[in-house]
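These are my notebook entries on a single structure. I list what I looked up, one topic at a time.

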Amino acid sequence: MRQLIRRFSRVGDCSPPPPSSSSSSARKKRSKAHAGVPVGHVPVHVGGGAEGAEERFLVRTELLGAPALADLLGRAAQEYGFRHQGPLRIPCPVAVFRRALASVSVAGDEEGE
């Protein structure tokens with residue numbers, strides 16, 4: 001699970017890439033990939049396939065370690081493996097993900113009070 005969270009933290013890092021000899025077009029492609037993703041968040045694609053349409057969520061990175069989301073991340077690891085390229089995908093119905101996210105968000109809000 002720690003390996004998944006470390007990977008997500010790197011994916012969610014929107015800091016500018018270090019200067020290199022790469023072309024400006026490569027830099028533009030990278031900035032488009034992270035466009036609209038606030039610092040401290042990870043884009044997550046949920047659904048698709050037989051479940052219907054895929055939805056994109058922006059999830060705060062600190063929520064990824066919560067048990068409800070950790071279970072879904074475990075399913076994603078079983079389905080796609082740890083070396084999956086591209087955006088983080090969770091193979092579950094969107095409604096299930098929404099419930100898990102809501103339960104984690106409410107629990108996190110209560111702890112902060």
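**Entry 1. Ala76.** I began with one residue and located Ala76 in helix α3. I should record here that the model is a predicted one. I then asked whether Ala76 is buried or exposed. Its relative accessible area is 7%, so Ala76 is buried, the cut-off for that class being under 20%. For a contact across the sequence I took the C-alpha atoms of Ala76 and Arg89, which are separated by 6.7 Å although the two residues are 13 apart along the chain.

**Entry 2. Arg99.** My second residue, Arg99, has its place in helix α4. Arg99 is exposed, its relative accessible area being 55%; the class begins over 50%. From the C-alpha atom of Arg99 to that of Ala68 I read 9.1 Å, with their positions 31 residues apart along the chain.

**Entry 3. Overall arrangement.** I next looked up the secondary structure of the protein chain and found four helices and three strands. Along the sequence they follow the pattern α-α-β-β-α-β-α. The chain has 113 residues, of which 28% are buried.

**Entry 4. Salt bridges.** How many salt bridges does the structure hold? I noted four, and I examined some of them individually.

I took Glu54 and Arg89 to begin with; their closest N and O atoms are 2.6 Å apart. Glu54 belongs to strand β2 (residues 54-60) and Arg89 to strand β3 (residues 88-90), so this pair ties together parts that lie 35 residues apart in sequence. Both ends are open to solvent in part: Glu54 is partly exposed at a relative accessible area of 39%, and Arg89 is partly exposed at 26%.

I then turned to Arg98 and Glu55, whose side chains meet in a salt bridge with an N to O distance of 2.5 Å. This pair also links distant parts of the chain, with Arg98 in helix α4 (residues 94-112) and Glu55 in strand β2, 43 residues apart. I find Arg98 partly exposed at 44% relative accessibility. Glu55 is likewise partly exposed, with a relative accessible area of 31%.

The salt bridge between Asp71 and Arg75 has an N to O distance of 3.5 Å, which falls inside the limit of 4 Å. Why are these two separated by about one helical turn? They are four residues apart in helix α3 (residues 67-80), and therefore about one turn of the helix lies between them. Asp71 is partly exposed at 45%, and Arg75 is partly exposed at 39%.

**Entry 5. Aromatic rings.** I searched the whole structure for aromatic pairs and obtained one. Phe57 and Phe97 form this pair, which is tilted, with 4.8 Å centre to centre and 55° between the planes. Phe57 lies in strand β2 and Phe97 in helix α4, so the pair ties together parts 40 residues apart in sequence. I asked how accessible the two residues are. Phe57 counts as buried at 10% relative accessibility, and Phe97 counts as buried at 1%.

**Entry 6. Nonpolar core.** The largest nonpolar core has 20 residues, and I looked for the members that touch the most others. They are Val44, Val46, Val59, Leu69, Ile90 and Phe97. At least two residues of this core come from each of β1 (41-47), β2, α3, β3 and α4. Helix α4 gives the largest share, five residues.

**Entry 7. Cavities.** I searched the whole structure for cavities of 30 Å³ or more and found two. I examined the second largest cavity, which holds about 30 Å³ of space. Which residues line the second largest cavity? The lining consists of Val44, Val59, Leu64, Leu69, Leu73, Ile90 and Phe97. By class I count seven nonpolar residues in this lining, no polar and no charged.

**Entry 8. Cross-check.** I closed by following Phe97 through my entries. Phe97 is a partner of Phe57 in the tilted aromatic pair, is among the core residues that touch the most other members, and helps to line the second largest cavity. Val44, Val59, Leu69 and Ile90 are also named among those core residues, and these four are included in the lining of the second largest cavity.

Definitions and conventions
Residues numbered from 1 in each chain as written. Predicted model: local features only at pLDDT ≥ 70, side-chain atom pairs only at ≥ 80, totals over all residues. Heavy atoms only, no water. Buried < 20%, exposed > 50% of the residue type's maximum accessible area, 1.4 Å probe, protein only. 1 Å grid on protein atoms, 1.4 Å probe; cavity = no way out; pocket = protein on both sides within 12 Å on 5 of 7 lines; lining within 4 Å. Points joined across faces, edges and corners; volume = space filled by probe spheres on them. Nonpolar A, V, L, I, M, F, W, Y, C, P; charged D, E, K, R; others polar. Phe/Tyr/Trp six-rings, centres within 6.5 Å; stacked < 30°, edge-to-face > 60°. Core = buried A, V, L, I, M, F, W, Y, C linked by side-chain atoms within 4.5 Å.
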